[in-house]
Amino acid sequence: MPEASLRAALKAGRDALREAFLARPDTPKLLREHARLVDRTVREAWRACAMPARTALVAVGGYGRGQLFPHSDVDLLILLPPGDDGAGASATRAIERFLTTLWDVGLEASHAVRTVAECVTEMAADATIRTSLLEHRMLAGDRALFRAFGRAFAESMDPCAFYEAKALEQQQRHLKHHDAAYNLEPNVKESPGGLRDLQTVIWIARAAGLGRTWRELARAGLMTMSEARSVSRQERLIGALRVRLHYLAGRREDRLVFDQQAALARQLGLGDTATRRASEQLMQRYYRAAKTVR
């Protein structure tokens with residue numbers, strides 16, 4: 001498919017998802033459908049660029065989880081075979097052409113180009129890379145190479161070390177945001193009680209083989225089913241706020257800034273009362289959700 005057609009199809013798909021969400025909000029569905037739309041676009045670009053047969057394209061991070069917010073980066077890993085066979089001049093040109101195509105059609109891709117051995121080395125030295133690679137999903141290319149990556153990742157994962165790294169990372173993030181869940185312009189992703197705290201729990205559980213969903217964690221005895229349902233509700237509420245922030249700003253915006261609070265409240269059907277402005281009601285909803293998460 002020519003780049004112009006690919007760009008038009010991606011824009012039309014995103015516009016349709018936005019309209020459907022604003023008409024009948026369903027955050028999990030939007031995130032899944034947006035990831036699928038991007039999957040189709042990325043695979044088409046991969047085919048059009050005639051990538052070397054012994055390379056593989058892998059979705060990682062939130063995109064690898066199959067959930068993509070409207071203006072989040074598209075995190076990609078391009079796997080090369082061992083040795084130099086996949087890293088020659090022709091492969092380099094093909095990769096550059098592929099990444100340029102993604103940019104031209106309207107996708108902001110964060111990418112890494114590595115062999116399996118390089119992935120293992122990098123994740124051993126950096127917990128952030130380890131976290132990103134934890135949620136990996138095959139998109140295109142050499143399936144045998146992807147399976148080799150999966151095996152190497154599983155063998156090199158130390159759940160206890162991963163837990164310690166993520167717990168420390170969370171403490172540092174909370175300090176950085178100065179208990180920002182109770183500030184006037186909280187970050188719905190990074191602040192204490194935000195989406196990142198929920199993701200951290202799931203990452204640790206997944207690394208330890210204890211489950212990938214709140215329901216699975218409840219079955220494993222790590223929380224009650226009632227707690228699992230409550231956390232799921234807060235995740236949907238905070239996730240919906242993040243989706244709306246992205247749409248209102250027209251870019252990646254994760255802070256409940258003053259300028260957007262009134263517009264968000266109107267979208268949620270909140271109105272001023274004799275004692276409280278609509279924006280105050282909105283923020284109270286958020287604070288309750290963040291408190292439950294914490």
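Helices (H or I, at least four residues) and strands (E, at least two) are taken here as DSSP runs, numbered from the N terminus. With that naming in hand, welcome to a tour of this predicted model.

## Around A50 and helix α2

A good place to start is A50, which sits in the loop between α2 and β1 (56-59). Although A50 is not a glycine, its phi is positive, at about 50 degrees. Most residues other than glycine have a negative phi. A50 is also exposed, because its relative accessible area of 57% is over the 50% cut-off.

The helix that A50 follows is α2, which covers residues 27-48. At the N-terminal end of α2, D26 acts as a cap, with a side-chain oxygen 3.2 Å from the backbone nitrogen of K29. Within α2 we find R43, which is partly exposed at a relative accessible area of 28%. Leaving out residues up to four places away in sequence, R43 touches M138 and L139. A longer view takes us from R43 to R212: these two are 169 residues apart in sequence, and their C-alpha atoms are 26 Å apart in space.

## Three helices and their spans

The spans of α1, α2 and α11 can be set beside the values expected at 1.5 Å a residue.

| Helix | Number of residues | End-to-end C-alpha distance | Expected span |
|---|---|---|---|
| α1 (residues 3-23) | 21 residues | 30 Å | 30 Å |
| α2 (residues 27-48) | 22 residues | 32 Å | 32 Å |
| α11 | 25 residues | 36 Å | 36 Å |

Helix α1 has a buried side and an exposed side to look at. L6, L10, G13, L17 and F21 are its buried residues. They lie on the same side of α1, because they cover an arc of only 65 degrees around the axis. On the other side of α1, K11, E19 and A23 are exposed. Which helices help to cover the buried residues of α1? The cover includes α2, α4 (89-105) and α11.

Helix α11 is followed directly by G250, which takes a positive phi of about 70 degrees. A little further along comes V257, in the loop between α11 (225-249) and α12 (258-267). V257 counts as buried, because its relative accessibility of 11% is under the 20% limit. L184 is 73 residues away from V257 along the chain, yet the C-alpha atoms of the two are separated by 8.0 Å.

## The nonpolar cores

In soluble globular proteins, nonpolar side chains tend to be buried together. Here, the largest nonpolar core has 60 residues, and V42, L57, Y63, L76 and F98 are the ones with the most contacts inside it. Setting aside neighbours within four places in sequence, L57 is in contact with V42, W46, L76, L77, I78, F98, R137, M138, L139 and A140. Apart from this core lies another, of 23 residues, with A56, V60, V116 and F149 among them.

## Cysteines

How many disulfides does the structure hold? The count is 0. Two cysteines illustrate opposite settings. C49 is buried, with a relative accessible area of 4%, whereas C160 is exposed, with a relative accessible area of 55%.

## Two acidic residues

D197 lies in helix α9 (residues 195-207). Is D197 buried or exposed? D197 counts as buried, because its relative accessibility is 6%. The side chain of D197 makes polar contacts with two other side chains: that of Q170 at 3.0 Å and that of H174 at 3.1 Å. Residues up to four places away in sequence aside, D197 touches Q170, R173, H174, S191, P192 and V293.

E118 is found in helix α5 (residues 116-125). At 39% relative accessibility, E118 counts as partly exposed. Its side chain reaches the backbone nitrogen of T115 at 2.9 Å. The C-alpha atom of E118 is separated by 34 Å from that of V243, a residue 125 places away along the chain.

Terms used
Residues are numbered from 1 along each chain as its sequence is written. This is a predicted model: local features need pLDDT of at least 70, side-chain atom pairs count only at pLDDT 80 or more; totals for chains, interfaces and linings use all residues. Side-chain values use heavy atoms; hydrogens and water are left out. Buried means under 20% relative accessible area, exposed over 50%, partly exposed in between (1.4 Å probe, protein chains only). A polar contact is a pair of N or O atoms within 3.5 Å; within protein, one must be able to donate a hydrogen and the other to accept it, and residues adjacent in sequence count only if both atoms are side-chain atoms. Contact means heavy atoms within 4.5 Å. A nonpolar core is a set of buried Ala, Val, Leu, Ile, Met, Phe, Trp, Tyr and Cys residues joined through side-chain atoms within 4.5 Å. A disulfide is a pair of cysteine sulfur atoms within 2.5 Å. The expected span of a helix is 1.5 Å times one less than its number of residues. The arc is that of the directions from the helix axis to the C-beta atoms.
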